[in-house]
Amino acid sequence: DRQPIIAIDGPAGAGKSTVARQVAAQIGLVYLDTGAMYRAVTWLVLQQGIAIDDDCAIAQLASQCKIELTPSEDLQSPVRVWINDTDVTQAIRTIEVTSQVSAIAAQSAVRQALVKQQQSWGKKGGLVAEGRDIGSHVFPDAEIKIFLTASVSERARRRQQDFKKQGQPEVSLEQLERDIAERDWKDSTRKVSPLQKAPDAIEIQTDGLSVSEVAAQIVDYYHQRL
Ligand code: C5P
C-alpha cells in the first residue's frame with residue numbers, strides 16, 4: 001500500500017515548479033522535480049564535451065550517473081541538485097542547458113534510466129511529481145493528475161521574471177517566446193513519451209491566475225478525492 005501521488009505535467013513555463021512546491025508543502029508530500037534530472041544529465045553531457053547526438057555515450061552516462069535532489073527549505077527557491085556529487089543547482093538553469101535539454105530528453109535510453117530512478121523514489125508514494133510524462137507514463141496510477149497550461153506570451157513573461165529574480169542576464173520577451181515555442185514543439189513531437197495530457201488529467205489554464213490560486217485548486221481537488 002502506498003501513499004498518494006499527485007502528477008503535475010505541462011509545457012515549459014506553465015508554473016509547474018512553483019505550484020508543485022506549494023501543493024507539496026500544503027499537503028505534506030515530497031516534491032519531485034523531474035525536469036531537474038534531465039537538466040542535470042544535460043549539464044554533464046556538455047561539461048564532458050560529449051556531442052549531443054552521441055546517443056551511445058549519453059546512454060552510458062545517464063545509466064551510470066548519480067543524481068540527488070533535495071527540496072530547498074525556502075518555497076521560492078528551486079530544488080537543490082547534485083550530479084556525481086557536484087552541486088549543479090544553478091548551473092542547470094542556464095540558457096545553454098535549457099537550449100539543449102529537449103534533445104537529450106528525447107533519447108530513449110536517457111528516459112529509461114531517469115524514469116526508473118523516479119519510479120523507485122515513488123514506490124511508497126507520498127509525492128508531488130512534476131514533469132512532462134508523469135501522469136501519462138511515470139506514475140500512470142497517480143491518484144491526482146493535473147495538466148497545467150498557459151499561453152506562450154504569459155509563459156515568456158513568467159520566465160523573464162524568474163531570470164530577473166535569479167539575477168541572470170536579461171533576455172527579451174521575443175527570444176523567450178521563441179525558445180518556449182521551440183521547446184514545446186520538441187517536447188510534444190518526440191517519439192518517446194511526448195508531452196501530452198493524460199486522458200484522466202484535469203487541465204488548468206493558468207493565464208491570469210496566481211500561483212496560490214492554482215495551488216489552492218489542486219489542494220481542494222486532492223481533499224475532495226482522498
Ligand atoms: O521542467 P523543465 O523546464 O525543467 O524541464 C526541462 C526539460 O526536460 C523539458 O523541456 C523536457 O525536454 C525535459 N523533461 C522531460 N520529461 C520530464 C521532465 C522534463 O522530457 N518528465
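Two residues are in contact if their C-beta atoms, placed from the backbone, lie within 7 Å. With that cut-off in mind, this briefing on a predicted model starts from Ala7, which touches Ala129, Ile134, Gly135, Phe139, Ala142, Ile144, Lys145 and Ile146 when residues up to four places away in sequence are not counted. From there the text moves to the core, the strands and the ligand.

**The nonpolar core**

- The largest nonpolar core holds 53 residues, and those that touch the most other members are Ala7, Ala40, Val41 and Val128.
- Helix 2 contributes the largest share of this core, namely eight residues.

**Strand 7 and its partners**

- Strand 7, which covers residues 144-149, is mostly covered, since five of its six residues are buried.
- Strand 1 (residues 5-9) pairs with strand 7 in the parallel sense over four bridges, and within strand 7 the bridge partner of Ala7 is Lys145, a residue that also appears among the contacts of Ala7.
- Strand 7 is also joined by four bridges to strand 8 (residues 202-205), with the two running parallel, and in strand 8 the bridge partner of Leu148 is Ile204.

**The shell around the ligand**

- The ligand is surrounded by 14 residues, of which Gly35, Tyr38, Ala105, Gly131 and Arg132 are the closest.
- At least two residues of this shell come from each of helix 2 (34-47), helix 4 (95-105) and helix 8 (173-189), and helix 2 supplies the largest share, four residues.
- By residue character, the shell is made up of five nonpolar, four polar and five charged residues.

Note on methods
Residues are numbered from 1 along each chain as its sequence is written. This is a predicted model: local features need pLDDT of at least 70, side-chain atom pairs count only at pLDDT 80 or more; totals for chains, interfaces and linings use all residues. A residue is near a molecule or strand if its C-beta atom, placed from the backbone, lies within 6 Å of it. Ala, Val, Leu, Ile, Met, Phe, Trp, Tyr, Cys and Pro count as nonpolar, Asp, Glu, Lys and Arg as charged, and the others, Gly among them, as polar. A nonpolar core is a set of buried Ala, Val, Leu, Ile, Met, Phe, Trp, Tyr and Cys residues joined through C-beta atoms within 7 Å. A residue is buried if 20 or more other C-beta atoms lie within 10 Å of its own, exposed if 12 or fewer, and partly exposed in between; C-beta atoms are placed from the backbone. Two strands pair if DSSP finds at least two bridges between them.
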